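This briefing introduces a protein structure to a reader who is new to the subject. Please keep the structure in view while reading the points below.

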Amino acid sequence: MINKGDKIPEVNLVKATENGPEQVSSSDYFAGKKVALFSVPGAYTPTCSAKHLPGYVEKAAELKAKGVDEIACTAVNDAFVLGAWNKDAGSEDVTMLADGNGDFAKAVGLEMDGSGFGLGTRGQRFSMIVNNGVVEELNVEAPGDFKVSAADYMLDQL
């Protein structure tokens, strides 16, 4: 599992944009900026839709006031699903980074087996502060919890 002080591994993600999916390498995306990244097990799932994404939307200005350049959400979903979810429940303040094949979740060692719920392999619920490609803070939730990956918790770390 990735730790504080580690560099984000090199993988390709797909950024959901107004013009459709855009391939982006993790090294390019995280270079030269401070990113508040949070991972959800899936778009439109209960906790993710009711609490996780709305918390970052609500706290976006506060996060940016504390030095965050960009807020990003990742999930093992395709860019079309994440784009629709952002349009329905998110905001322009949150960048959606699709990890459709779970390559990012696997590369950071934070994948989970959700097959018992019909979800297959997904990313765990976590958050991290990434500064110029290096993990400054890492918050991994215990299964079923929603505490340390919330926007409020991250605000206290900045």
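In which sense do strands β3 and β4 pair, and over how many bridges? Strand β3 and strand β4 (residues 70-75) pair in the parallel sense, over five bridges. The model is a predicted one. The points below treat strand β3 and its partners, then the salt bridges, and then a cavity.

**Strand β3 and its neighbours**

- All six of the six residues of strand β3 (residues 34-39) are buried, so the strand is largely enclosed by the rest of the structure.
- Lys34, Ala36 and Phe38 point one way from β3, while Val35, Leu37 and Ser39 point the other way, and all of them are buried.
- In the pairing of β3 with β4, Ser39 stands opposite Thr74 of β4.
- Strand β3 also pairs with strand β8 (residues 126-131), in the antiparallel sense and over six bridges.
- In the pairing with β8, the residue opposite Leu37 is Met128.

**Salt bridges**

- Side chains of opposite charge can pair when their charged atoms come close.
- The count of salt bridges in the model comes to eight.
- One of these is formed by Lys4 and Glu137, whose closest N and O atoms are 3.2 Å apart. Lys4 lies in the segment before β1 (12-17) and Glu137 lies in strand β9 (residues 134-140), so the pair ties together parts that are 133 residues apart in sequence.
- Lys4 counts as exposed because its relative accessibility is 54%, and exposed means over 50%. Glu137, in contrast, has a relative accessibility of 19% and therefore counts as buried, for which the value must be under 20%.
- Glu70 forms a salt bridge with Lys33, and here the closest N and O atoms are 3.1 Å apart. This pair links distant parts of the chain, with Glu70 in strand β4 and Lys33 in the loop between α1 (26-30) and β3, 37 residues apart. Both Glu70 and Lys33 are buried.
- Asp93 forms a salt bridge with Lys64, with 3.3 Å between the closest N and O atoms. Asp93 is in the loop between α4 (79-89) and β5 (94-98), whereas Lys64 is in helix α3 (residues 60-65), so this pair too links distant parts of the chain, 29 residues apart.
- Asp93, at 32% relative accessibility, counts as partly exposed. Lys64 is likewise partly exposed, with a relative accessible area of 34%.
- Salt bridges that share partners join Glu58, Lys59, Glu62 and Asp152 into one network.

**The cavity**

- Rolling a probe the size of a water molecule over the atoms shows where empty space is left.
- The count comes to one cavity of 30 Å³ or more, and the largest cavity has a volume of about 30 Å³.
- The largest cavity is lined by Ser39, Thr74, Ala75, Val76, Asp99, Phe104, Ala105, Gly123 and Phe126.
- The elements that give two or more residues to this lining are β4 and α5 (103-107).
- By class, the lining has five nonpolar, three polar and one charged residues.
- Ser39 and Thr74, which stand opposite each other in the pairing of β3 and β4, are both among the lining residues.

Notes:
Residues are numbered from 1 along each chain as its sequence is written. This is a predicted model: local features need pLDDT of at least 70, side-chain atom pairs count only at pLDDT 80 or more; totals for chains, interfaces and linings use all residues. Side-chain values use heavy atoms; hydrogens and water are left out. Buried means under 20% relative accessible area, exposed over 50%, partly exposed in between (1.4 Å probe, protein chains only). Helices (H or I, at least four residues) and strands (E, at least two) are DSSP runs, numbered from the N terminus. Two strands pair if DSSP finds at least two bridges between them. A salt bridge is a side-chain nitrogen of Lys or Arg within 4 Å of a carboxyl oxygen of Asp or Glu. On a 1 Å grid over the protein atoms alone, a cavity is a set of points where a 1.4 Å probe fits but cannot get out, and a pocket is an open set with protein on both sides within 12 Å along at least five of seven lines; lining residues have an atom within 4 Å of a point. Grid points are joined across faces, edges and corners, and a volume is the space filled by probe spheres set on the points. Ala, Val, Leu, Ile, Met, Phe, Trp, Tyr, Cys and Pro count as nonpolar, Asp, Glu, Lys and Arg as charged, and the others, Gly among them, as polar.
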